[in-house]
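Me: I have not seen this structure before. Please take a close look at the ligand and its surroundings, and explain what is there step by step.

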Amino acid sequence: MGFRKGVFSFFVALLVVAVLSVASFAKPIVIKFSHVVAVDTPKGAAANYFAKIVKERTNGRVIVKVYPNAMLYGDRAAVEALQMGAIQMACPATAKFTGWLPELQLFDLPFLFKDYKHLHAVMDGPVGKKILNLFRRKGMLGLAYWDNGFKVLSNNKHPIVLPKDCKGLKFRIMSSKVLEAQFKALGASPQVLPFSEVYSALEQGVVDGCENPWSNLYTKKFYEVAPYTTETYHGYLGYVLITNAQFWDGLPKDLQKILAGCVKDATAYERKMAQKLTKKQRALVIKNPKVKFVELTPAQREIWRKKLVKIYPDFYKAIGKKLIDEAIAEGKGL
Ligand code: LMR
């Protein structure tokens with residue numbers, strides 16, 4: 001009896017060792033994370049941070065491979081690839097979702113957010129949650145909002161101080177109807193181009209100007225080919241971190257929990273990096289001798305605001321008037 005029991009225990013132990021060694025030699029789950037910006041931007045830095053903490057916290061069971069600078073896909077192709085399961089994560093600007101989820105254009109509306117406090121109240125409150133919930137309809141999950149910053153205008157023709165100075169200029173835009181309407185309201189011609197083509201389009205005169213947060217402007221050196229730089233802060237550029245819903249739902253529950261924790265911490269890190277890099281890279285652009293910097297007075301900014309908020313009613317249908325009103329209301333009393 002004792003002998004039989006001993007043999008049985010021996011085989012059970014053997015089985016446990018075998019299972020454990022198969023598990024430890026099991027191939028890691030790979031998350032391909034594609035984005036279009038440089039590594040020293042808030043998104044670039046946070047994507048790498050996310051990869052680092054995922055590897056540490058899952059003991060290498062999940063590996064995140066980050067592909068920056070559109071080396072794998074531009075944003076549109078990245079969303080399509082993610083839906084098909086060719087990549088597992090991406091973080092496109094909200095403007096890039098226009099064709100899939102037009103509600104995301106809320107974040108493109110000029111002068112909607114008074115400041116970061118207002119912006120984060122919208123993102124982290126009921127409006128932001130409602131918008132993230134829309135992603136599942138398209139086979140995706142909206143995991144978090146990541147920041148870049150408020151946008152400035154660059155061009156290579158002349159200084160821009162007032163809206164009328166944009167008249168006749170060609171501006172590169174992301175694929176958002178709101179951004180199209182914004183430049184049309186200024187009497188300018190908007191042209192949709194992928195981010196990776198902006199520098200050469202400015203250099204070759206395909207467009208005269210563009211709008212970017214400081215970090216993108218600095219890291220892609222757009223000031224070299226569009227030196228007139230006006231700190232309008234007329235709109236915001238931020239992101240939604242997305243994953244493929246089927247991929248996420250199929251993950252073992254323990255990994256899902258660890259990854260959700262990593263998303264939370266990487267998001268906090270990303271928002272801090274956005275503040276830090278914007279400050280640093282803004283100063284570096286302004287002090288560059290090539291740059292002709294224009295800072296607006298509050299009265300001049302008010303002229304821009306009055307001009308551009310007129311486009312809101314054109315988007316009551318696509319975005320939803322209720323959603324716009326709710327977002328505005330979040331800023332009251334802040
Ligand atoms: C752009 O196309 O201008 C942005 O989406 C780039 C980015 O990801 O910040």
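Reply: What follows goes from the chain as a whole to the ligand and then to two single residues.

The model is predicted. Its chain has 334 residues, and buried residues make up 51% of them. The secondary structure comes to 12 helices and 10 strands. Measured out along the principal axes in the model, the C-alpha trace spans about 95 × 45 × 35 Å.

Now to the ligand. The ligand sits in the largest cavity. The residues that surround the ligand are V36, V37, K43, D75, A93, K96, R172, M174, F195, N216, L237 and Y239. Sorted by class, this shell holds 7 nonpolar, 1 polar and 4 charged residues.

Some of these residues come close enough to the ligand to be described atom by atom. In the side chain of K43, an N or O atom is 2.7 Å from an oxygen atom of the ligand. For R172, a polar side-chain atom lies 2.8 Å from a ligand oxygen. The side chain of N216 likewise has an N or O atom 2.8 Å from an oxygen atom of the ligand. As for cover, the ligand taken alone exposes 270 Å², and the protein buries 100% of that area.

The shell also has a contact between two of its own members. K96 and D75, both among the residues around the ligand, are joined through their side chains by a polar contact of 2.5 Å. Where is K96 along the chain? K96 lies in a loop, with strand 3 (89-90) on one side and helix 4 (116-124) on the other. Why does K96 count as buried? Its relative accessibility is 13%, and the cut-off for buried is under 20%, so K96 falls in that class.

A residue not listed in the ligand's shell can be put beside K96. P190 is found in strand 6, which covers residues 189-192. The relative accessibility of P190 is 23%; because buried means under 20% and exposed means over 50%, P190 counts as partly exposed. How far is P190 from F107? In sequence the two are 83 residues apart, and in space their C-alpha atoms are 18 Å apart.

To return to the part you asked about: the ligand is in the largest cavity, with 100% of its area buried by the protein. Polar side-chain atoms of K43, R172 and N216 face oxygen atoms of the ligand at the distances given above.

Conventions
Residues numbered from 1 in each chain as written. Predicted model: local features only at pLDDT ≥ 70, side-chain atom pairs only at ≥ 80, totals over all residues. Heavy atoms only, no water. Near = heavy atom within 4 Å. Polar contact = N/O pair within 3.5 Å; in protein donor to acceptor, adjacent residues only side chain to side chain. Areas by Shrake-Rupley, 256 points an atom, 1.4 Å probe, with all protein chains shown as cover. 1 Å grid on protein atoms, 1.4 Å probe; cavity = no way out; pocket = protein on both sides within 12 Å on 5 of 7 lines; lining within 4 Å. Sits in = over half its atoms within 2 Å of the grid points. Nonpolar A, V, L, I, M, F, W, Y, C, P; charged D, E, K, R; others polar. Helix = DSSP H or I, 4+ residues; strand = E, 2+ residues; numbered from the N terminus. Buried < 20%, exposed > 50% of the residue type's maximum accessible area, 1.4 Å probe, protein only.
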